[in-house]
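Trainee: Could you take me through one part of this model up close? I'd like to look at the place where the two chains meet, and then at what lies around it.

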Amino acid sequence: MTSNNQVLEKVIIKFAGDSGDGMQLTGTQFTNTAAMFGNDLSTFPDFPAEIRAPQGTIPGVSGFQLHFGSVNIFSPGDFCDVLVAMNAAALKANLANLKKGGTVIVNSDGFDPKNLRLANYFDNVSPLTDGSLEAYRIISIDVTKITKAALADSGLGTKEIDRAKNMFVLGFLYWMYNREMSFTIKFLEDKFSKKPEILAANIKVLHAGYNFGETSETAPTRFTINPAPMPSGIYRNIMGNQATAIGLIAASKKSGLDLFLGSYPITPASDILHELARHKNFGVKTFQAEDEIAAICSAIGASFGGKLGITTSSGPGIALKTEAMGLALMLELPLLIINVQRGGPSTGLPTKTEQSDLFQAVYGRNGEAPIPVIAAKSAADCFETVYEACRIALEYMTPVIFLSDGYIANGSEPWRFPNADQLKPIKVEFTTELNSEKFLPYKRNENLSRPWAIPGTKGLEHRIGGLEKQHETGNISYDPENHEFMVKMRAAKVEKVADSIPDQTIDNGTEKGKILVLGWGSTYGAIKGAVIEARAKGIDVSHAHIRHIVPFPKNLGDLLKNYETVLIPEMNTGQLKSIIRDKFLVPAIGLNKIKGMPFATSEILVKIEELV
Amino acid sequence: METTNTTTPAMTSKDLVTDQEIRWCPGCGDYSILKQVQTVVPELGIPREDIVFISGIGCSSRFPYYMETFGMHSIHGRASAIASGLKATRPELSVWIVSGDGDSLSIGGNHFIHLLRRNFNVNLLLFNNEIYGLTKGQYSPTSEEGKITKSTPMGSIDHPFNPIALALGAEGSFIARSMDRDPVHLKDMLRRSNAHIGTSLLEIYQNCNVFNDGTFELFTEKSSKKEETIFLENNKPLVFGQNLDKGIMLDGFKPIIVSLENGKYSVNDLWVHDESDLTKAGILSRFFERPVDGTGHLPRPFGVFYENNRACYETGLNDQIEFAKQKKGEGSLDALLKGGETWEIK
């Protein structure tokens, strides 16, 4: 080996190309190889809303960002060290996020006059030659030409050959980062087991990329990123939506209730439907309803029948489900409502991320309609959080809203997954005996929860509905005293959930101090990274991250009062901040970003430094 | 009246009466429908605890409160969607949907058509009174053009739905019509609805004596009923009239009324009803003119327009689950948690 070898702690690579260039696959392969090697990592795919936006244009650019290292990684990272740009548009769309002095690996064939024009480089002046990239290190390779040459004798058509060029880039990066190719080779063998010529071509081009690095001296330095110190155990890589789906199946198995999902396709939630539809051998029933309303209503029907009823959607779909959510809370049936948030309002930014549905979750229903709300903080955390959401729904006979967002739904990270027997059991009992001379469907237990008597239970025939009901009997009641009593009772039941949730802990830092950064949901990684850096600089700052939003952990109010300043970063205009101020009269400060993109660690760090 | 040969039913209609005071207006057609349902259900041999009535919102949707079975009074238009989820997961239950013209054809129109196309094995009783009663008298999607109501003081400019034609268009597998004022026929249609495997749509003309009194009078009153209605029976010719003196013939695709009295035509010349004939069901569904001058129009059909047997959604759904279990084995949670590729950190 003639090249220098340099050891790095962490690297951020952005793979960018046309949506047909296979960048998601390239990124995923590099990710899985890094994971197998033992690096900690975090990823963030960023794709266009259009399935196939016009080729070569900026709206058609698809990206995949990977942050991996020998240290703990909490977010996909801010600015990238390496940008892979398969064409001029990919460069233009991503250059602003490349660190000064960073490396650009370009496919020079993607910078021909046509591509330059489509990417709005005026007068066809190529950025590769006009000196505008002087601040960066450019590795320019005619990937298209080399791929064609490598496959000249393969007998494949131009289209198939063209499709293999992402493997060249992947091979080249494997060389650059001292990686084994075996994981990807095995992946290709599985994927193309029935197409030997395509398999051979892909492996050949992968090797060609690797060998090109070895022999061409295009990149004088290779890099080594050692495994990260992670808790011992067995890991897998997981995306948020996948973790959510698996968490739901786990809750179904541990509660002994068959899972029923009523859903209507919507970005970025559909992958939960897809994942669940694959697991019919777990008794999972998925129902693609005619609309969002039917989706939630069918889940209510399943819950009434004694199943684990679930509906999945994103903001606009959740808006349509609102009335039915109110019904579920009046019926006091368990139901899980999953909102994978995206940019709003209205259709908004379907493929971009935001945390702007918190008010919708907490307040967005007619009448006094409290529903427990719970939010996941990372891709892997979706598993545990959605499992907890199911527990609350079943133990308290209530609809529960689970919040995720586009960022963690599609992002991935290593997950030290549990064994089935490590999961807390979820206790469900159907009522089979009369609880009075005549069955009282709204007679409550110590949790203020009502009995679940399902159709088919002899002697417990009863009617429930959305009209206000009399305490205990459940009969329609317009009595003013009863109405106020029942409104308070339903609220008290939701508050009671707090008895079963852990106290709020400090994720990093001290129980008292100058600044507390309080987060919820997918801002976790960026806050975590920023607080670590700030503390390393000697700043008195701590981090707490809330999972349970309705109801809050019982100690949260007291905890917040232990700090001079509470900073709440959110991808919205300050929704948790308003709730916290209202509930605890704490003068919390917001740090707000509404750009459809997650926070950069640096943005939070700057704000912390400003507050000192 | 048709007699049933079953042994004494375990349940009587009294067992289906709840302790709730019935709050429909005195004289409402809903009372008759409730009575016929409470009469027929005990004959069906289904244990009471396995029966579920689900309704939406509207006068008709109070129905579950008066049936001593499991029941849900849900939200406007959504009973069909709720029933779909229940039937998908509890196929052994006998599920009945009670809905009205506003509930099923306006706010719940989408669920109505999709229920029919999916063909869950449920019974949908569509109480059609051509008016919004509970909200005190606005026109409905089945009200006739020109109808003067509180919300249409100059007359409705909405063209109404033809519910039977709509249900045929939505791929319904059992489509029938009856009326509140003909208990014998209504009970028979309830039995047929229950017997059909698949979604059974039974449209029931129901008089709202407060906001739309007499809208179906022509079909229900003794003086006009025989001339204005025709009762469909499978494999029987289409005969009607005061003295069963008229029949319907098909001239190509055009139905015409012929007299059986002048010797020109006999019953052997008439259209013979075939419940399995979709094309003819389509023509029958168009016997829908509003009699204006009392002459020349076709009578309104009652009975089963169409029935076919095709797979129910819940059967397909459960078959797929069984097939997946056979093929892949009962799912192992540990294998699912582990996924494909894993690595160990020591």
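Mentor: Let's start at the contact between the chains and then work outwards into each one. Keep in mind that this is a predicted model.

The contact draws 50 residues from chain B and 58 residues from chain A. On the chain B side, the elements that put in two or more residues are strand 2 (70-73), helix 2 (79-89), helix 4 (109-118), helix 10 (313-328), helix 11 (333-338) and strand 12 (343-345). Helix 2 of chain B gives the largest share of that side, with 8 residues. Sorted by class, the chain B side holds 20 nonpolar, 16 polar and 14 charged residues.

Now zoom in on strand 12 of chain B, since strand pairing crosses between the chains there. Strand 12 of chain B is joined to strand 9 of chain A (residues 233-239) by 3 bridges, and the two run antiparallel. If you want a residue pair to click on, try G233(A), whose bridge partner in strand 12 of chain B is I345(B). As background, strands of a sheet pair through backbone hydrogen bonds, in either a parallel or an antiparallel way.

Chain B also has a small piece of sheet to look at: 3 strands make an open sheet in the order 8-9-10, with antiparallel pairing. Strand 8 (239-240) and strand 10 (254-259) of chain B are at its edges with a single partner strand each, so one side of each has no neighbour in the sheet. Strand 8 of chain B pairs with strand 9 of chain B (residues 246-251) over 2 bridges, in the antiparallel sense. Within that pairing, V239(B) sits opposite G247(B).

Over in chain A, you'll find 20 helices and 22 strands. The C-alpha atoms of chain A fill a box of roughly 85 × 60 × 50 Å along the principal axes. A compact globule of 612 residues would have a radius of gyration near 25 Å, and the 27 Å of chain A agrees with that. Of those 612 residues, 54% count as buried. For contacts in chain A with a separation of 6 or more, 75% are between residues 24 or more positions apart.

One last stop in chain A is G256(A), in the loop between helix 9 (240-255) and strand 10 (259-263) of that chain. G256(A) counts as exposed because it has 11 other C-beta atoms within 10 Å, and the cut-off for exposed is 12 or fewer. The C-alpha atoms of G256(A) and V84(A) are 48 Å apart, with their positions 172 residues apart along the chain.

Note on methods. Residues numbered from 1 in each chain as written. Chains lettered and ligands numbered in written order. Predicted model: local features only at pLDDT ≥ 70, side-chain atom pairs only at ≥ 80, totals over all residues. Pairing = 2+ DSSP bridges. Helix = DSSP H or I, 4+ residues; strand = E, 2+ residues; numbered from the N terminus. Contact = placed C-beta atoms within 7 Å. Nonpolar A, V, L, I, M, F, W, Y, C, P; charged D, E, K, R; others polar. Rg over C-alpha atoms; globule rule 2.2 N^0.38 Å. Buried ≥ 20, exposed ≤ 12 C-beta atoms within 10 Å, placed from the backbone.
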